[in-house]
Structures are given as structure tokens and as C-alpha cells.
Amino acid sequence: MSVALTLNRYRVPALFPISFVLLMAGQMYNHYKRRRDWFSQTFRTYENFRAEAIEGARQVRHEKGERAVVRHLGAQYPHLPSTMMTRLIKEL
């Protein structure tokens, strides 16, 4: 009987962190999906994005360095997925 009461007493507080984690995972997935959808609608392919952004990124890298390229791309394309930004910077 005491085991059942103990389990019942801790069940509600234990469900809160689980529901919080699930909610946050859903929010993170939604954010990631919106960025991917924006990229697909705007550029269609990585090659189209690269053709548009590579020259400006190279110029910023030569003038100000690698960190400035990240800031430049973030300001120029605020919804750009980090995987695409990383891929472009590696190609510089």
C-alpha cells in the first residue's frame, strides 16, 4: 500500500519534465522545418544559393575574417539553416 501511494505521489511531478521535454522537442523540430522550407522556397537548391552568396562571402572573408562571414551570412539570410552556412564556409 505504501509503495502504491509513493508511486502515485511522484507520478504527477514526474510527468511535468517529460511533457516539457516533448514540447521543446516539438518546438525545435518546427523551427528547423521552417528554416528548411524557407531555404527550399527561396533557392530550391544549394547550387542556386551558392551562386548568389559565394562572392560576397569571399569578399567579407578576405577583408574581415571567418567570423565576419558567419555574421554577414546571418544578417543577409536570417533564416538560413546552419548546415548550409557551414557548407558554404567550408567551400571558401
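A residue is called buried when its relative accessible area is under 20%, and exposed when that area is over 50%. In the predicted model described here, Met-85 has a relative accessible area of 14% and is therefore buried. Across the chain, buried residues account for 21% of the 92 residues. The accessible surface of the chain amounts to about 7,200 Å², and carbon and sulfur atoms contribute 59% of this area.

The chain contains four helices and zero strands. Read from the N terminus, the order of elements is α-α-α-α. Of the contacts between residues at least 6 apart in sequence, 60% link residues at least 24 apart.

Helix 1 covers residues 2-43, and the loop between helix 1 and helix 2 includes Arg-44. Most residues other than glycine have a negative phi. Arg-44, which is not a glycine, has a positive phi near 70°. The relative accessibility of Arg-44 is 65%, so this residue counts as exposed.

Helix 2 spans residues 46-64 and is bent by about 45° at Ala-53. Ala-53 is also one of the buried residues of helix 2, a group that includes Tyr-46, Phe-49, Ile-54, Ala-57 and Val-60. An α-helix has 3.6 residues a turn, so residues three or four places apart point the same way. Just after helix 2 comes Gly-65, with a positive phi of about 110°.

Two packed helices are described by the angle between their axes and the distance between the axes. For helix 2 and helix 3, the axes come within 7 Å and cross at roughly 140°. These two helices are therefore oblique to each other, and their crossing is right-handed. On the helix 2 side, the residues that meet helix 3 are Ala-53, Gly-56, Ala-57, Val-60, Arg-61 and Lys-64. Their partners in helix 3 are Glu-66, Ala-68, Val-69, His-72 and Leu-73. Ala-53, the site of the bend in helix 2, thus belongs to the set of residues that meet helix 3.

Helix 3 (residues 66-76) and helix 4 (residues 82-91) have axes that come within 11 Å and cross at roughly 140°. Helix 3 is therefore oblique to helix 4. The crossing of this pair is right-handed. Glu-66, Val-69, Val-70, Leu-73 and Gly-74 of helix 3 meet Met-85, Leu-88 and Ile-89 of helix 4. Glu-66, Val-69 and Leu-73 are also among the helix 3 residues that meet helix 2.

Met-85, the buried residue introduced above, is located in helix 4. When residues up to four places away in sequence are not counted, Met-85 touches Val-70, Leu-73, Gly-74 and Leu-80. Met-85 and Val-69 are 16 residues apart along the chain, and their C-alpha atoms are separated by 9.3 Å.

Leu-80 lies in the loop between helix 3 and helix 4. Its relative accessibility is 1%, so Leu-80 counts as buried. Beyond its neighbours within four places in sequence, Leu-80 is in contact with Arg-35, Trp-38, Phe-39, Phe-49, Leu-73 and Met-85. Of these partners, Phe-49 is one of the buried residues in helix 2, and Leu-73 is one of the helix 3 residues that meet helix 4. The C-alpha atoms of Leu-80 and Arg-36 are 7.9 Å apart in space, and the two residues are 44 apart in sequence.

Definitions and conventions
Residues are numbered from 1 along each chain as its sequence is written. This is a predicted model: local features need pLDDT of at least 70, side-chain atom pairs count only at pLDDT 80 or more; totals for chains, interfaces and linings use all residues. Side-chain values use heavy atoms; hydrogens and water are left out. The bend at a residue is the angle between axes fitted to the seven residues ending there and the seven starting there. Buried means under 20% relative accessible area, exposed over 50%, partly exposed in between (1.4 Å probe, protein chains only). Contact means heavy atoms within 4.5 Å. Accessible areas come from the Shrake-Rupley method with a 1.4 Å probe; for residues, only the protein chains shown count as cover. Axes are lines fitted to C-alpha atoms, for helices over the stretch in contact, and angles run from 0 to 180 degrees between N-to-C directions. Angles under 35 degrees count as roughly parallel, over 145 as roughly antiparallel, 65 to 115 as roughly perpendicular and the rest as oblique. A crossing is left-handed if the near helix is turned anticlockwise from the far one by less than a right angle, and right-handed if clockwise.
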